[in-house]
Amino acid sequence: MEHTSTLEKALRGVAITCVILFFMFPIFWIVLMSFQTNETILRVPPSIIFDPTIQNYVALITGRLETSAGSLEINFMSNLWNSLFLSSASVAVGLILGVPAAYAFGRLKFRGSEDIAFTLLSFRFAPPLLVLLPLTIYFQQIGLADTYFGLIWVYQLIVLPLILWIVRGYFEDIPADIENAYRVAGHSWFSTFRKVALPLAMPGIAAAGLLAFIFAWNNFIFALVLASADKQPVTVGALAFVTASGIQYGQVAAGVVLSILPTLALALYAQRYLVEGLSLGAVKG
Amino acid sequence: MTESVLRLENIDKFYGPVGLGVHAVRDVSMEVEEGDIIALLGSSGCGKTSTLRMIAGFEETSRGKIHLAGREVQKLPPVRRHVAMAFEGYSLYPTVNVRDNIAFALKAARLPAAEVAAKVQEVAEMLEITDILDRSPNSLSGGQQQRASLARALIRDADLYLLDEPMGQLEPQLRTLLRGRIKFFIKERGMTAILVTHDQTEANALADKIAVMEEGVLQQYATPAEIKDRPANLFTGTFVGEPPMNVFPVTAAASGGRLSIALADGVVLDYAESDFAAEVRDRILTRGDVMIGVRPYAVHRSETGPTATIQANQWLGDQSHIAASFAGQTVVLVEHHRADVAIGEPISIRVDAHDLHVFDAETGMAISHGPELA
């Protein structure tokens, strides 16, 4: 352990505080904004002293937005529900498809396995806009545009490669002979997969699932193009606050706060898995 | 009448495409009788573990057939082969303790709890691991994990027990003790076992028959005594035996009822023609240039004979290992008493005809062992 003087400790503390302030400030400001009206938000110079109001949250939750130009229907809560449903369902489908595939890529060496795995990863390279136009046309032709099913399918572009590649590394880290020991004791490969490989790779699967959830939650462009108002997630729904009578900053801020709560809660809950899962070598041979 | 539990028929293993990939096991055929312990002996990369894993079903058999307990199994998955295996890398289930690791298969087979507990206790006592039964595999030393892995294999009911370097991590004292116990355990229950090892002492002590492998080829498959007395080729001769066999390239010639074997540097070993059977003599003389092998304990100091100069003399507590420069190389002698010779001292060497192993210089195949044909 290196020796640290009091001065070093103090400097380090100051540096860490600066970094935290820098990165946390936008979030802090958003939280402040969510308790203000547009008038107090837009005054110059800005001040952190104001009369807090919960009107923004009330508007979001009741679905009625009162503006100077009149009242407006907003379906923020249904957007939130859409986000939750789309992200959960996408991750569930991604896990069901991706985990067995990751096992196959990790354990079985077959002709072309590397190519297929790489192709799946390459979905992440392509900018979404590149595929969106043809995808939109196809989806309209086969009737998948503006359906949950279609959206969940497209979300696989985001979640599947992520799950596949993280979990695959996990399966590769499990010594094959642990599975062989189980197989030779009279178990099929499927029950070996279920009883040995899956539990040992669980931290990795949890981490991959969580990351995939966050990525799916934060997706904007696919839902913007492929979903109509009643199926839009919060990321797209927030656009509704850009109204004819101006941008409703207060509601935008409250919407942001509400929409980061689920992922924040999930991340805090699964923090342990996330750290464990993303640092390799958690399985000791 | 014992029947064969395992029969390997011309099996090959290629890592990569058949015919192109690394040819790890080459045309191996052997039979294992019920109740026998077989040792697959060889250096690293000789194909012994690949052979074992083909029998277990973890590696595909590239060519040939494997018959196990009357069934052709080379296409079957491990689950259907009914074998038990102890792994070199232990491969204990990391999530359960040692007791549950050992009892795993018995519990899965729904044996009564009392019976499982009794069996676990018995095998744990045999392997001296009763004190670690409740510990997690990750907290154990290599030797402890190895014994737990061995226990997990031996406790099961199987047609064949495959043990991959089962004692490699154990301390020498424990190894000697457990060798005896494991052999007794296996023999008492009439189990059939194949163990892979690179330790010839282990092979000699445990096995009824030893299969010596090198470069994927089964060099010899015989009892330990036969391998020592009648090595099939130069490799087996030099690989098995400690210290290894002395080998010299020689030229043989006959004249006046004598057979003289000329080593390098003008050293000649002289024998009566009658020391060898007529066919042996003929074979040696037609070849002319051959290799001779002599076990260290068969090289004697004597009054007369070619001279050697002592290079080293080590007393190991129960035997002396003497190295001497002889015929342009080093010859090693073993004497079962403290040898009283000093470095630099000249000695005379005698090798009796019945201790001579003669090998073909080109193929390395044995021509004769003592007076008889190989």
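**Figure 1. One salt bridge links chain B and chain A.** Here a salt bridge is a side-chain nitrogen of Lys or Arg within 4 Å of a carboxyl oxygen of Asp or Glu. The partners are D177(A) and R53(B), whose closest N and O atoms are 2.8 Å apart. Please keep in mind that this is a predicted model, in which local features need pLDDT of at least 70, side-chain atom pairs count only at pLDDT 80 or more, and totals for chains, interfaces and linings use all residues. Residues are numbered from 1 along each chain as its sequence is written, chains are lettered from A and ligands numbered from 1 in the order in which they are written, and side-chain values use heavy atoms, with hydrogens and water left out.

**Figure 2. Chain B meets chain A through 19 residues of chain B and 14 residues of chain A.** Contact means heavy atoms within 4.5 Å. About 1500 Å² is buried between the two chains, and carbon and sulfur atoms give 64% of that area. In chain B, V79(B), Y93(B) and N138(B) lose the most area to chain A, together 30% of what that side buries. Buried area is the accessible area (1.4 Å probe) that two parts lose on being put together, summed over both.

**Figure 3. Four residue pairs are in polar contact between chain B and chain A (both at pLDDT 80 or more).** A polar contact is a pair of N or O atoms within 3.5 Å; within protein, one must be able to donate a hydrogen and the other to accept it, and residues adjacent in sequence count only if both atoms are side-chain atoms. On the side of chain B that touches chain A, the elements giving two or more residues are β6 (83–86), α2 (98–108) and α4 (142–154) of chain B. Of these, α2(B) gives the most, with three residues. Helices (H or I, at least four residues) and strands (E, at least two) are DSSP runs, numbered from the N terminus.

**Figure 4. Domain 1 (6–73) and domain 2 (76–278) of chain A share an interface.** The bounds come from an automatic or database domain assignment. The C-alpha centres of these domains of chain A lie 30 Å apart. Between them they bury about 1400 Å², with 77% of it on carbon and sulfur atoms. N38(A), L60(A) and L65(A) supply 37% of the area that domain 1 of chain A buries here, more than any other three residues. The rule finds zero salt bridges across this interface.

**Figure 5. Domain 1 (4–239) and domain 2 (246–373) of chain B are joined by one salt bridge.** The side chains are those of R230(B) and E372(B), at 3.5 Å from N to O. R230(B) appears again with K228(B) and L234(B), which together supply 54% of the area that domain 1 of chain B buries against domain 2 of chain B. Six residue pairs are in polar contact across this interface (both at pLDDT 80 or more).

**Figure 6. Four strands of chain B form an open antiparallel sheet in the order β2-β1-β4-β5.** β2 (22–33) and β5 (71–72) of chain B stand at the edges with a single partner strand each, so one side of each has no neighbour in the sheet. Two strands pair if DSSP finds at least two bridges between them. Five bridges join β1 (residues 4–15) of chain B to β4 (residues 63–68) of chain B, and L8(B) stands opposite I66(B) in β4(B).
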